[in-house]
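I opened this notebook to record what I looked up in the structure, one topic per entry. The entries follow the order in which I went through it.

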Amino acid sequence: MYLAQLSDLHFRSRGARLYDFIDVNAMNAEIINRVNALTERPDAVIITGDVVNCGEPGEYRLARHILGQLDYPLYVIPGNHDDKALFLDAFSGLCPKLGQDPDNIAYAVDEFPVRLLFIDTSVSGASWGHLSDFTLGWLENMLSRDDKESYVFMHHPPVAFGSAQMDPIACRNGEKLLALIERFTQLTRVFCGHVHRMIATQYRQALICSAPATVHQVPYMHTDPRPLYSLEPGAMMMHHLVAGVGLVTSYHSLANYAGPWIYDPRISCPGEGF
């Protein structure tokens, strides 16, 4: 199993720029084409929320057009910037597992050696997240089926990461997910977005890790709560299930940079006689 995770794309409507100066649409379109060009091809692409920025119909039309160019199965969940109904209308064709109920989005992917559980933590009109009774019941039911190793994908982190800016808008009842981690030892990963930076921590047997955003990042500040953002290059995470080891997650920069080149020992330490 080899999965690509993108997060927080924040598409704008055609011709609009994010914050009036970031051409997020063109940058995301380039990223999608670069993902399509990967020589080591993922089995699927996962997007953990905030596909668009303002929840507007024009944003979803453009996002649907660009994400529809992906050459891989797509698994996607909404974030706090998404409009649930417009989100379903735009992406249910690309991701049929989403279903048709905008208030109860939860689905499982069981085609891999591990089970992938996708849930919606967004609350309409709010920046913070919440696990609904429906979502918690669905998770408990899925985890009670058997002891198959399972990963949860959600938008808001269920714990405080120590970010003065983002912790106040994390999942406000994330402790209920932590209780499920305590009960079900097969739940070993929780992957999220929202914080625009790769941050990882551990709770019991579960690694909890956020994905960076594709275009703009949030600085990790533990005392400064100002709403800062930057154009530090975006990135995606790759999740590789390695035999005999388990899941290995790597950080893949989306910056334009030189290389790669093939290592040549003849020029690594050529000595002084060249």
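**Histidine 239.** I began with histidine 239, which I placed in strand β10, residues 235–242. The model is a predicted one, and I read every value below in that light. I asked whether histidine 239 is buried or exposed. Its relative accessible area is 1%, so histidine 239 is buried, the cut-off for that class being under 20%. I then looked for a polar partner and found that the side chain of histidine 239 is joined to the side chain of threonine 249 by a polar contact of 2.9 Å. Leaving aside neighbours within four places in sequence, I listed the residues in contact with histidine 239: Met1, Tyr2, Leu3, Gln5, Phe153, Phe191, Leu247, Val248 and Thr249. Threonine 249, the polar partner, thus appears in the contact list as well.

**Threonine 121.** I next located threonine 121 in the loop between β5 (115–119) and α4 (133–144). Threonine 121 counts as buried, because its relative accessibility is 0%. Which side chain makes a polar contact with the side chain of threonine 121? I found that of histidine 156, at 2.7 Å. Beyond the neighbours within four places in sequence, threonine 121 is in contact with Gly129, His130, Leu131, Met154, His155 and His156.

**Positive phi values.** I looked up two residues for their backbone torsions. Aspartate 8 is not a glycine, yet its phi is positive, at about 55°. I placed aspartate 8 in the loop between β1 (2–6) and α1. With a relative accessible area of 0%, aspartate 8 is buried. Histidine 196, also not a glycine, has a positive phi of about 55°. Histidine 196 belongs to the loop between β7 (187–192) and β8 (199–203). I noted histidine 196 as buried, at 5% relative accessibility.

**A cis peptide bond.** Which residues does the cis peptide bond join? I recorded glycine 259 and proline 260, with omega about 10°. Proline 260 lies in the loop that runs between β11 (246–253) and α6 (265–268).

**Isoleucine 208.** I found isoleucine 208 in strand β9, residues 206–210. Isoleucine 208 has a relative accessible area of 0% and is therefore buried. I checked its distance to threonine 188: the two are 20 residues apart in sequence, and their C-alpha atoms are 8.6 Å apart in space. With neighbours within four places in sequence left aside, the contacts of isoleucine 208 are Pro158, Val159, Phe161, Leu178, Val190, Ile199, Ala200, Thr201 and Tyr203.

**Asparagine 104.** I turned to the loop between α3 and β4 (106–109), where asparagine 104 is found. Asparagine 104 is partly exposed, because its relative accessible area of 28% falls between the cut-offs of 20% and 50%. Its side chain and that of aspartate 101 are joined by a polar contact of 2.8 Å. I also noted that asparagine 104 and tryptophan 138 are 34 residues apart in sequence, with 9.7 Å between their C-alpha atoms.

**Helix α2.** Which residues of helix α2, residues 57–67, are buried? I listed Gly58, Glu59, Tyr60, Leu62, Ala63, Ile66 and Leu67. I then looked up what the buried residues of α2 pack against, and found α1 (24–36), β2 (44–48) and α3 (84–91).

**The protein as a whole.** I closed with the overall values. I recorded six helices and 11 strands in the protein. The radius of gyration is 19 Å, close to the 19 Å given by the globule rule for 274 residues, so the protein is as compact as a globular protein of that length. Along the principal axes, the C-alpha atoms fill a box of roughly 70 × 50 × 40 Å. I noted that 52% of the 274 residues are buried. Of the contacts with a separation of 6 or more, 65% are between residues 24 or more positions apart. The protein exposes about 12,500 Å², of which carbon and sulfur atoms supply 53%. I noted 20 positive and 30 negative side chains, and the centres of these two sets lie 1 Å apart.

Definitions and conventions: Residues are numbered from 1 along each chain as its sequence is written. This is a predicted model: local features need pLDDT of at least 70, side-chain atom pairs count only at pLDDT 80 or more; totals for chains, interfaces and linings use all residues. Side-chain values use heavy atoms; hydrogens and water are left out. Helices (H or I, at least four residues) and strands (E, at least two) are DSSP runs, numbered from the N terminus. The radius of gyration is taken over C-alpha atoms; the globule rule is 2.2 Å times the number of residues to the power 0.38. Buried means under 20% relative accessible area, exposed over 50%, partly exposed in between (1.4 Å probe, protein chains only). Contact means heavy atoms within 4.5 Å. Accessible areas come from the Shrake-Rupley method with a 1.4 Å probe; for residues, only the protein chains shown count as cover. Lys and Arg count as positive and Asp and Glu as negative; His and the chain ends are not counted. The place of a charge is taken as NZ of Lys, CZ of Arg, CG of Asp or CD of Glu. A polar contact is a pair of N or O atoms within 3.5 Å; within protein, one must be able to donate a hydrogen and the other to accept it, and residues adjacent in sequence count only if both atoms are side-chain atoms.
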